[in-house]
Amino acid sequence: MGWAGRIGVAILVLLALGAGGYWYYLADGAVPATGTYKADIAAWRALIADDTAQLPNQIRVEVVGRDTVPNAAVQAGAPFEPYVMARTAFQLDGPAGAVVIDSGMDAEIAGAAQPGDDKTYDEASYARVIAAMGNAQRVVVTHEHPDHIAGVARFPVPERLAERLTLSAPQFEGLRLFAPGGLVPPPLARAEIVDMTAPHRVAPGVVMVPAAGHTPGCVMFYAKLADGREVLFLGDVAWAISNVRDPALRPRLVQDFFMKPREDRAKVADQIRALHELAAAEPDLVMIPSHDDSYLKALMASGLVAQGFAVDAP
Ligand SMILES: [Zn+2]
């Protein structure tokens with residue numbers, strides 16, 4: 001069922017349930033006061049403690065597309081005003097080479113994955129992501145949804161990508177859905193597949209952090225830059241920075257009807273609680289969700305994130 005069909009089903013369900021249903025499916029974004037998820041920044045820092053001379057010095061972003069959803073679909077209880085989703089990939093440049101986080105998606109996948117009528121897609125941006133992936137020291141993804149992983153599944157020279165690629169096991173499983181003809185190119189099986197039961201250093205200054213919930217293979221990336229700044233790439237644990245700041249979850253309507261597989265609400269709630277408290281404890285840590293276009297523009301204006309990948313990475 002397409003996006004429009006699912007909206008139709010969701011509206012019928014809401015009409016049937018009335019006010020109670022509205023609260024349950026759209027307005028309730030409550031995050032429990034305590035949770036079991038540990039956002040253990042001390043452990044992440046310890047993993048990269050010896051990387052001082054090789055830390056990345058620049059964060060770059062490519063926005064391969066933009067589309068609009070109701071803010072009420074991003075954060076429970078938010079108004080039905082347009083919210084712009086940026087479809088991003090990030091690049092960390094440094095003396096050890098570049099790390100690319102997320103792969104974007106080609107025009108064909110984007111045509112099915114981007115919702116709404118006012119969507120845009122940037123072929124040249126996606127071409128830069130693919131070129132940068134081929135030159136990176138390491139390529140990683142936040143999770144196995146098409147806007148993040150399809151560029152891995154459809155990479156034009158899989159042999160070249162495999163030696164740079166680190167995935168969790170569920171992420172590798174997720175490639176199949178977007179691979180040409182449903183067959184994962186055999187060379188990609190030579191990628192580094194990591195057991196995501198604990199944080200894992202993937203490159204100098206960069207740590208993959210387990211965060212299953214939004215999808216089974218969902219992770220975040222902690223990075224420390226040469227100038228001392230610290231960043232946490234949230235992937236889709238939160239779509240908007242306001243999910244963490246307020247804090248508030250995505251509505252059940254989206255979790256139950258729009259996500260395949262269905263999002264694990266309890267796990268994401270624990271993560272949002274932990275991130276909310278981490279933000280309070282570490283006010284200088286910059287958290288970057290994958291899709292928050294207006295926040296991303298503010299980060300670009302502040303100079304923390306540069307627009308456009310450097311394709312001729314070392
Ligand atoms: Zn996404």
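This section describes a sheet, three helices and the nonpolar core of a predicted model.

The sheet considered here is open and contains five strands, arranged in the order β8-β9-β10-β11-β12 with mixed pairing. Strands β8 (200-203) and β12 (286-289) occupy the edges; each has a single partner strand, so one side of each is left without a neighbour in the sheet. On average, and with direction ignored, neighbouring strands of this sheet are turned by 25° against each other. Within the sheet, strand β9 (residues 206-210) and strand β10 (residues 219-224) run antiparallel and are joined by five bridges. One residue of this pairing is Val207, whose bridge partner in β10 is Tyr222.

The largest nonpolar core comprises 88 residues. Those with the most contacts inside this core are Val99, Val100, Met133, Val209, Met220, Phe221 and Phe233. Strand β2 gives the most to the core, contributing six residues. When residues up to four places away in sequence are not counted, Val209 touches Trp44, Pro199, Val219, Met220, Phe221 and Tyr222. Two of these partners, Met220 and Phe221, are also listed with Val209 among the residues with the most contacts inside the core.

Helix α6 (residues 146-153) is mostly covered, with eight of its eight residues buried. The buried residues are Pro146, Asp147, His148, Ile149, Ala150, Gly151, Val152 and Ala153. They pack against one strand, β2 (82-93), and against the helices α4 (107-113), α5 (123-135), α7 (158-162) and α8 (169-174).

Helix α11 (residues 265-281) contains 17 residues, which at 1.5 Å a residue should span 24 Å; the end C-alpha atoms are 24 Å apart, and the two values therefore agree. Buried positions in α11 are Val268, Ala269, Asp270, Gln271, Ile272, Arg273, Ala274 and Leu275. The buried residues of α11 pack against α9 (241-245) and against β12, the latter being one of the edge strands of the sheet described above.

Helix α2 (residues 41-47) includes Ala46. This residue counts as partly exposed because it has 13 C-beta neighbours inside 10 Å, whereas 20 or more would be required for a buried residue and 12 or fewer for an exposed one. Ala46 lies 86 residues from Ala132 along the chain, and the C-alpha atoms of the two residues are separated by 28 Å.

Conventions:
Residues numbered from 1 in each chain as written. Predicted model: local features only at pLDDT ≥ 70, side-chain atom pairs only at ≥ 80, totals over all residues. Pairing = 2+ DSSP bridges. Helix = DSSP H or I, 4+ residues; strand = E, 2+ residues; numbered from the N terminus. Axes fitted to C-alpha atoms, helices over the stretch in contact; angles between N-to-C directions. Contact = placed C-beta atoms within 7 Å. Expected span 1.5 Å × (residues − 1). Core = buried A, V, L, I, M, F, W, Y, C linked by C-beta atoms within 7 Å.
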